[in-house]
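Here is a short report on the fold, the core and two buried polar residues. Start with the structure, then read on.

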Amino acid sequence: MKLIPLGDKVIIKQLAAEETTKSGILLPSQSQEKPQEAEVIAVGPGGNIDGKEVTMMVKEGDRVIYSKFAGTEIKFDNEKYIIIKQSDILAIVEL
């Protein structure tokens, strides 16, 4: 099975939270802040959304920074994903 987003939706997979601080202190799971960085898994086709033409700017495999409270978390094939609108993506991370 495969998830295929519709319209201006993007499916992302959140990157793992940091388990240690920069100084090497181990953080318990409750203290770990959820990262706002994710990998793009699938991208919708864009098109005419609510009367506006939407061109998709991200592609599969991109690393992105997204709004903190954006999207809907889902579980699919025992994996956690987030479905967000492209407008909730703040930046593309280039390595």
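## Strand pairing and core

Strand E5 covers residues 63-66 and runs antiparallel to E8, with four bridges joining the two. This is a predicted model. Within that pair, Arg63 stands opposite Val93 in E8. Tyr66 has Ile89 as its bridge partner in E8. E5 also pairs with E2, again in the antiparallel sense, over three bridges. There, Glu37 stands opposite Ile65 in E5.

The two faces of E5 differ in cover. Val64 and Tyr66 form the covered face. Arg63 and Ile65 form the uncovered one.

**The whole sheet.** E5 and its partners belong to an open sheet of six strands. The order is E6-E7-E1-E2-E5-E8, and the pairing is antiparallel. Which strands stand at the edges? They are E6 (72-76) and E8 (89-93). Each has a single partner strand, so one side of each is left without a neighbour in the sheet. Neighbouring strands of the sheet are turned by 45° against each other on average, direction ignored.

**The protein overall.** The secondary structure has eight strands and zero helices. From the N terminus on, the elements read β-β-β-β-β-β-β-β. Of the contacts with a separation of 6 or more, 63% are between residues 24 or more positions apart. Buried residues make up 26% of the 95 residues. The accessible surface comes to about 6,900 Å². Carbon and sulfur atoms account for 52% of that surface.

**The core.** In soluble globular proteins, nonpolar side chains tend to be buried together. Here, the largest nonpolar core has 13 residues. Which of them have the most contacts inside it? They are Val10, Ile12 and Ile84. E1 (9-14), E2 (37-43), E5 and E7 each supply at least two residues of this core. Val10 touches many residues distant in sequence, among them Val40, Ala42, Met56, Val58 and Ile89. Ile82, Ile83 and Ile84 are also on the list of residues that Val10 touches. So is Gln86, a polar residue taken up next.

**Two buried polar residues.** Gln86 is found in the loop between E7 (79-85) and E8. Asp8 has its place in the segment before E1. Are these residues buried or exposed? The cut-off for buried is under 20% relative accessible area. The values are as follows.

| Residue | Relative accessible area | State |
|---|---|---|
| Gln86 | 12% | buried |
| Asp8 | 10% | buried |

Gln86 falls under the cut-off at 12%, so Gln86 counts as buried. Asp8, at 10%, counts as buried by the same rule.

What lies 3.1 Å from a polar atom of the Gln86 side chain? It is the backbone oxygen of Thr55. Gln86 also touches a run of residues around Thr55: Val54, Met56, Met57 and Val58 are on its contact list. Asp8 and Val10 are on that list as well.

Asp8 has a polar contact of its own. Its side chain is joined to the side chain of Lys9 at 3.4 Å. Beyond the residues up to four places away in sequence, Asp8 touches Ile49, Val54, Met56, Ile84, Lys85 and Gln86. Val54 and Met56 thus appear in the contacts of Asp8 and in those of Gln86. Ile84, named above for its contacts inside the core, is touched by Asp8 and by Val10.

Notes. Residues are numbered from 1 along each chain as its sequence is written. This is a predicted model: local features need pLDDT of at least 70, side-chain atom pairs count only at pLDDT 80 or more; totals for chains, interfaces and linings use all residues. Side-chain values use heavy atoms; hydrogens and water are left out. Two strands pair if DSSP finds at least two bridges between them. Axes are lines fitted to C-alpha atoms, for helices over the stretch in contact, and angles run from 0 to 180 degrees between N-to-C directions. Buried means under 20% relative accessible area, exposed over 50%, partly exposed in between (1.4 Å probe, protein chains only). A polar contact is a pair of N or O atoms within 3.5 Å; within protein, one must be able to donate a hydrogen and the other to accept it, and residues adjacent in sequence count only if both atoms are side-chain atoms. Contact means heavy atoms within 4.5 Å. Accessible areas come from the Shrake-Rupley method with a 1.4 Å probe; for residues, only the protein chains shown count as cover. A nonpolar core is a set of buried Ala, Val, Leu, Ile, Met, Phe, Trp, Tyr and Cys residues joined through side-chain atoms within 4.5 Å.
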